[in-house]
Amino acid sequence: MYRSTQRRSSTPRGRSQRSISGRSKRIIAVLGTVTVFAGIVAVTQVSSANDQLRTSTDCVAPSPGAAAEGGVTTTVTKENGRDVRHHWGDGQTTLEECESDSTVVAAPTIVCPSVEDRLPEIPAAARNEVTRNIELLQTQIDEANNRLANSVGEGGPNFINNAILGPLASKRVATLDRIAIAIGRVAPRPRDLDDLATCELVNQPTNGGGGNNGGGDNNGGGNDGGNDGGDNDDGGNDGGNNGLEILANSCENSNLDDHDGFQIGNRCVDTQMGEVGSASNNPSLLITEFPDQVNANEPFTIRVSTRNLIRDRFLPAGQGGYYIESSLLNEQGLTRGHFHTACRILPSTNEAPDPAPVPEFFVATEDGGGGAQPDEVTIQVSGMPQTGVAQCSVWAGDGSHRVPMSERANQTPAFDSVRIQVN
């Protein structure tokens, strides 16, 4: 994995050091920008807060499974009328991208709220008209993204809102109204569909001057303040940590260097945990379809169903987005993030495997989909390079790759795993 070119001091950090630097720190979220041209997808390499661009001495080959066929690091497929983005190797860059020391700024992507998740059961008499208009909504999004990609550098600071997002919202209002009218002719008319008209940009090259780049609050995640405010020694929970003797609840007295968003161990993560949903809103997932056996190097598919996971937040771990942002919930109290899929050959089925080797296949998926109702995404596995028993696992991640927190300790986390015989 990549390491930072600017290493922190190895001097152990005591209370005085933390008190000087505590409130001045800002957590920087590193965003990967994706743009698609004629099916070829390029992933933006974005520097960290200190413009830590890699030099050739720091560049290492990405791990196996870090790129799809053809060497691309992100692919986009169409599923159920939406774009599904697969980030191969968790945002790692190729050697060529790394050694170029360049930041390529591409157009952001427009993502709109899912309409199908908010519709009641559609009567047969209205189904054709509703389907046509749902397809039209996707066409409108595609056209807006094309306009966005072809207008980089145009206009002033309000160009995107006035020329692209605003007109898109107006079109969506009209289309959503036609859907409501069609259903209303033969059944109760759905309410508040207009709330789904407004779309937003994701994977923006910059944060617009606020939030993570100086605004300080990580869109509500609360990284600025909190543990650095000095209340850890007083217990925090009614002055006594609920009567429990805890060993630590911050990095204030840790002897380890700060974690900096890159995938390095022996560090202390000072990012606050963030927002925890209620038990009924906690994410879950399940592998719903997989092969019992495959041949070596034979591609296969895995179908994954997720619930209560809004798959719209992905900070590339290979670009410094690892453990750097607090967990966030959307307006409905659902976790914002993505999910990971990994397959590895087990050396033995009688003992726990070595955790260090990278898997033969790995991809992170975020597509702007997901919601309170379960839905499915298909993962295309490129194949396993050798025979044996493959373990394919799927687990949810928040925007910064942690397994989402749950309300209770006895809730099963959002993960699943299967065994596949590779012949």
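Here are five short exercises, each with a worked solution, on the structure above.

The model is predicted, so local features need pLDDT of at least 70 and side-chain atom pairs count only at pLDDT 80 or more, while totals for chains, interfaces and linings use all residues. Residues are numbered from 1 along each chain as its sequence is written, and side-chain values use heavy atoms, with hydrogens and water left out.

**Exercise 1. Get the overall picture of the protein.**

Start with secondary structure: the protein has four helices and 17 strands. Helices (H or I, at least four residues) and strands (E, at least two) are DSSP runs, numbered from the N terminus. Next comes burial: 46% of the 423 residues are buried. Buried means under 20% relative accessible area, exposed over 50%, and partly exposed in between (1.4 Å probe, protein chains only). Then look at contacts, meaning heavy atoms within 4.5 Å. Of those with a separation of 6 or more, 78% join residues 24 or more positions apart. Finally, about 20,900 Å² is exposed, and carbon and sulfur atoms supply 48% of that area.

**Exercise 2. Work out where R402 sits and what surrounds it.**

First, place it: R402 belongs to the loop between strand 16 (388–398) and strand 17 (415–422). Second, check its cover: with a relative accessible area of 12%, R402 is buried. Third, list its partners. Leaving aside neighbours within four places in sequence, R402 contacts T271, M273, Y323, E325, S326, S327, A396 and G397. Fourth, zoom in on E325: its backbone oxygen lies 2.3 Å from a polar atom of the R402 side chain. For a C-alpha view, try Y322, 80 residues from R402 along the chain, with 8.3 Å between the two C-alpha atoms.

**Exercise 3. Check helix 3 against its expected span, then see how A182 meets this part of the chain.**

The expected span is 1.5 Å times one less than the number of residues. Helix 3 (residues 124–149) has 26 residues and reaches 38 Å from first C-alpha to last, close to the 38 Å expected. Its buried residues include A126, V130, I134, L137, I141 and L148. As background, an α-helix has 3.6 residues a turn, so residues three or four places apart point the same way.

Now take A182, which lies in helix 4 (residues 159–184). A182 counts as buried at 3% relative accessibility. Beyond residues up to four places away in sequence, A182 touches A126, E129 and V130. The C-alpha atoms of A182 and V130 are 6.8 Å apart, although 52 residues separate them along the chain.

**Exercise 4. Lay out the sheet that contains strand 11.**

Two strands pair if DSSP finds at least two bridges between them. Three strands form an open sheet in the order 9-11-15, with antiparallel pairing. Its edges are strand 9 (284–289) and strand 15 (375–381), each pairing on one side only. Neighbouring strands here are turned by 30° against each other on average, direction ignored. Strand 11 (residues 300–307) and strand 15 share seven bridges, and S305 stands opposite E376 in strand 15.

**Exercise 5. Which strands pair with strand 13, and is strand 13 enclosed or open?**

Burial first: nine of the 11 residues of strand 13 (residues 335–345) are buried, so this strand is largely enclosed by the rest of the structure. Then go through the partners:

- Strand 12 (residues 309–310) pairs with strand 13 in parallel over two bridges, and I310 stands opposite R336.
- Strand 16 runs antiparallel to strand 13, with nine bridges; T341 has V394 as its bridge partner.
- Strand 14 (residues 361–366) is also antiparallel, joined by five bridges, and H340 has A364 as its bridge partner.

Key:
Areas by Shrake-Rupley, 256 points an atom, 1.4 Å probe, with all protein chains shown as cover. Polar contact = N/O pair within 3.5 Å; in protein donor to acceptor, adjacent residues only side chain to side chain. Axes fitted to C-alpha atoms, helices over the stretch in contact; angles between N-to-C directions.
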